[in-house]
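Work through the exercises below with the coordinates open. Try each task before reading its solution.

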Amino acid sequence: MSSPDPQVRGARNPSTRSAARGPVVAVTGAASGVGDLLTRSLAASDEVKRVIAIDERRGEVAEAQWHILDVRDPAIAEKLRGADVVVHLAVDLDLETDPAARTAYNVRGTQTVLTAAAAAGVRRVVLCTSAMVYGALPDNDIPLSEDAELRATAEATGVGDMLEIERLGRRAPRAHPGLNVTVVRPAVLVGGTDTALTRYFESPRLLVVAGSRPTWQFCHVDDLVSALEYAALEKVDGELAVGCEGWLEQEEVEELSGIRRMELPSAVALGAAARLHRIGLTPSPAGDLAYTMHPWVVSVGRLHDAGWRPKWTNEEVLAALLAEAEGRHTVAGRRLGRKDATAAGAAGATVALLGTAALVRQMRKRRGL
């Protein structure tokens, strides 16, 4: 008797799901992060017939049927045969990844998954981007409609990739009639995540740009997973924003967090951020600051109309974020070690921003520029 295929070892016996009438759902990026959480949830759902899990390593959900490969590999089309829905979560948004390599992976991976899904007869692909694609602008409505124009630029971390992923998603149904694409756009994502926006709350002071009006809307990963499950089960479609009800003003965030602000003129903050990133001292480009300056709160009307509700409030997610940030120290978007953090102290952010000119001169001197 031949041994089972190592790529699908651990899959649940099909007979245990024979009574299920729901869709067969494939998840890319299924071994970690949001992909792992969604795979677990779908595997436990009586509304799902079978779960196909795809990643470059095998995850821990034994009930899923695993295929180990890179999502850029055209062979993925064969692995998707029999799937009704694909949730594409194999996207790299790591702050430390080389930007060019990150974009190449994200764009090529999405292109391949969309083309492979169409070739395999999949009827729906769910893409996950971010509400950041709407852009953070001083004249934004509060909240933004889900149909609002996408006015973001590629100046913030990963946003250019998300805009391109969405463009590919809009083109796919025209190139492949019969394929539907649903896009899920979470607000500031919290829960085991590391982004420029979550690092904002690891600073000794909350940087506030003079004259700006920050507003904060969070999305806990648990709520994102439940929204993705709604999309995978085809209970809702189109372009969907997901997040907590309402939003918090900057003053409320400061009161709840107990972290005081440090207010700087726009020219100083933006100029310093740009120079620090340019010389490689921080992973975050100056464009990330816009999302801490201007509103980009979104309506979650489509999910609400479908019966979905968030389990978390903004206040609860902020508390969870602060608990995760405890013991971490970030200045101007750069994580510090314990020794560096102690030396930086409460004035670290001020030193990092106002002392940028000296840092630039020092770095140039070292490089012989």
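Rings of Phe, Tyr and Trp (its six-membered ring) pair if their centres lie within 6.5 Å; planes under 30 degrees apart count as stacked, over 60 as edge-to-face and the rest as tilted. The model is predicted: local features need pLDDT of at least 70, side-chain atom pairs count only at pLDDT 80 or more, and totals for chains, interfaces and linings use all residues. Residues are numbered from 1 along each chain as its sequence is written, and side-chain values use heavy atoms, with hydrogens and water left out.

**Exercise 1. Aromatic pairs**

Task: Count the aromatic pairs, then classify the pair of Phe201 and Trp216.

Solution:
- Step 1. The rule yields 6 aromatic pairs.
- Step 2. A pair of rings is described by the distance of the centres and the angle of the planes.
- Step 3. For Phe201 and Trp216, the centres are 5.0 Å apart and the planes make 70°, an edge-to-face pair.
- Step 4. Place the partners. Helices (H or I, at least four residues) and strands (E, at least two) are DSSP runs, numbered from the N terminus. Phe201 sits in the loop between α5 and β8 (206-209) and Trp216 in strand β9 (residues 215-216), so the pair ties together parts that are 15 residues apart in sequence.
- Step 5. Check cover. Buried means under 20% relative accessible area, exposed over 50%, partly exposed in between (1.4 Å probe, protein chains only). Phe201 is buried at 3%, and Trp216 is buried at 0%.
- Step 6. Widen the view: Tyr200, Phe201, Trp216 and Phe218 make up one aromatic cluster.

**Exercise 2. Salt bridges at Arg199**

Task: Find which parts of the chain the bridge between Arg199 and Glu96 ties together.

Solution:
- Step 1. Apply the criterion: a side-chain nitrogen of Lys or Arg within 4 Å of a carboxyl oxygen of Asp or Glu. The structure holds 20 salt bridges.
- Step 2. Arg199 and Glu96 form one, at 3.3 Å from N to O.
- Step 3. Arg199 belongs to helix α5 (residues 196-199) and Glu96 to the loop between β4 (85-88) and α3 (99-119), so the bridge links parts that are 103 residues apart in sequence.
- Step 4. Compare cover. Arg199 is buried at 4%; Glu96 is exposed at 55%.
- Step 5. Asp194 also bridges to Arg199, with the closest N and O atoms 2.8 Å apart. Asp194 is partly exposed at 29%.
- Step 6. Look for shared partners elsewhere: salt bridges join Asp84, Arg123, Arg124 and Glu234 into one network.
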